[in-house]
Amino acid sequence: MDGAAVRLPSRRERSAPLPGAAHARHGPTQYTGDFTRDTGNRAPSASTHNNRMDVEWLTSTDGADTIAIATRLLDDDPDRAGIALARVVEDPHRRALALTQAQLRGIAVAKFGPDAAALYYTRDGLEQASRRVVADRRARLFVENGARVVADLCCGIGADAFALARVGLDVEAVDADAGTAALAAANASAIGLADRLRVHHGDALHFDLSAVDSVFCDPARRKDGRRVFDPRDYSPPLDAVWSAAGPRLTAVKVAPGIAHDAIPDGAAAEWVSVDGDVVEAALWRGRAGQANRTAVVFRGGEAIELTGTGRRDADVGGLGEYVYEPDGAVIRARLVAELGDLIGARLAHPTIAYLYRDAPATTPLAVGWRIREVLPFHVKKLRGVLRERGIGRLTIKKRGADVSPDKLRRELRLSGADEATLIVTRDGDRHVALLCDAAPV
Ligand SMILES: C[S@@+](CC[C@H](N)C(=O)[O-])C[C@H]1O[C@@H](n2cnc3c(N)ncnc32)[C@H](O)[C@@H]1O
């Protein structure tokens with residue numbers, strides 16, 4: 001027990017299995033040691049939260065039992081769980097470790113689904129982990145494009161590496177942070193993937209790629225707790241990973257806000273959204289038939305794709321009876337013109353991404369509203385009209401107008417029982433307020 005007193009759960013406690021307890025005992029992890037000269041300085045400091053000793057303890061029987069107790073105490077009373085755990089576990093560091101795991105396992109369900117209770121996390125690692133649907137699709141693409149042995153060069157706690165292993169690939173996973181790499185190895189064992197997944201601690205750029213046919217990398221995009229936007233500041237930097245991967249089938253995950261001119265020559269880029277949120281972009285090399293730009297829109301677990309060059313201008317006409325806001329992935333991929341063609345819609349201003357039609361359209365790639373009235377954007381006049389219409393609740397959206405929705409809502413002094421959506425935008429050079437139905441079509 002290494003000095004820390006852990007009260008083992010009573011028989012009654014044991015008879016009610018706790019999340020994590022059933023999975024926490026697992027076989028030896030596959031973990032290879034340092035292979036680089038210098039690994040410490042590139043990893044984000046917050047992810048060193050768990051060192052390898054911590055991971056050894058967390059994955060031991062004592063650790064598993066303590067996490068199980070912490071989980072139950074958190075379920076019983078989150079505010080008193082720390083105090084209650086102090087009665088049974090003397091070591092404050094281990095209490096903190098166990099409580100953190102118990103909390104993070106609860107949060108992780110959204111990303112890891114049923115595996116969540118078996119896995120070990122750092123807060124950073126969980127936050128940065130890819131979503132399962134996105135990682136699974138990417139893994140299938142590696143297989144479809146002939147990959148057999150893939151290096152995951154920044155594996156974190158392992159979300160992408162697991163997806164790659166689950167589709168049958170051999171995975172060499174690398175992380176520069178010792179504690180994170182140890183967690184990834186423990187996690188691979190905990191969910192039965194250790195036979196296909198080896199974890200290495202070291203710098204991605206020093207990893208020997210001679211035995212792999214493909215490369216995935218999800219570089220760290222935070223430095224000292226802050227997001228970095230320039231891909232040259234990623235760890236490792238985008239251009240360095242891109243050239244280290246050589247001619248292999250390669251995917252590098254990047255921030256969705258990446259500037260199009262920062263995309264390396266020859267890379268095909270895709271932007272991915274899940275239920276309306278743009279979650280990532282990925283740059284690919286060597287994928288058969290991939291368009292220059294792709295928007296991948298997940299709705300209810302299903303992926304819908306729109307492809308194009310990212311260089312076309314959409315048709316511009318007037319407003320219509322229906323307005324459509326393209327999914328963020330479509331906008332980021334610069335595929336508004338392609339979406340306009342697909343649904344037969346036009347812009348009302350060449351640089352504002354609202355599309356207009358005269359009849360409703362059904363598409364998972366955009367959200368649309370029926371326009372009730374086109375009003376001039378004038379606060380006093382709007383206030384009067386909204387009063388007359390009895391609109392007391394308003395969702396305010398804007399594009400191409402310098403408006404603060406909260407401030408505008410206050411200025412409109414709404415009252416009434418009806419509800420609507422107000423879209424402030426431009427029709428050519430004229431600012432307009434489109435009074436729309438509350439619910440999308
Ligand atoms: C965004 S996270 C990866 C998340 C992972 N794809 C997942 O889904 O769980 C980035 C990881 O890169 C690691 N890292 C940063 N610089 C590195 C480097 N030079 N070599 C290897 N790993 C590095 C960090 O420690 C961090 O765990």
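**Ligand shell, hairpin and core**

The shell around the ligand holds 13 nonpolar, seven polar and six charged residues. This is a predicted model: local features need pLDDT of at least 70, side-chain atom pairs count only at pLDDT 80 or more, and totals for chains, interfaces and linings use all residues. Residues are numbered from 1 along each chain as its sequence is written.

Q: What makes a residue part of the shell around the ligand, and which are the closest?
A: Its C-beta atom, placed from the backbone, must lie within 6 Å of the ligand. The ligand is surrounded by 26 residues, the closest being Cys154, Gly156, Ala159, Ala204 and Asp218.

Q: Which domains supply the shell around the ligand?
A: Domain 1 (11–126) and domain 2 (127–308) each give at least three residues. These bounds come from an automatic or database domain assignment.

Q: Why are strand 11 and strand 12 called paired?
A: Pairing requires at least two bridges found by DSSP. Seven bridges join strand 11 (residues 293–299) to strand 12 (residues 302–308), so the two strands pair. They run antiparallel. Val296 stands opposite Glu305 in strand 12. The two strands form a hairpin with two residues between them, and Gly300 in the turn has a positive phi of about 55°.

Q: What makes residues in contact, and which does Ala70 touch?
A: Contact means C-beta atoms, placed from the backbone, within 7 Å. Not counting residues up to four places away in sequence, Ala70 touches Ala81, Leu85, Ala98, Leu99 and Ala102.

Note on methods
Ala, Val, Leu, Ile, Met, Phe, Trp, Tyr, Cys and Pro count as nonpolar, Asp, Glu, Lys and Arg as charged, and the others, Gly among them, as polar. Helices (H or I, at least four residues) and strands (E, at least two) are DSSP runs, numbered from the N terminus. Two residues are in contact if their C-beta atoms, placed from the backbone, lie within 7 Å.
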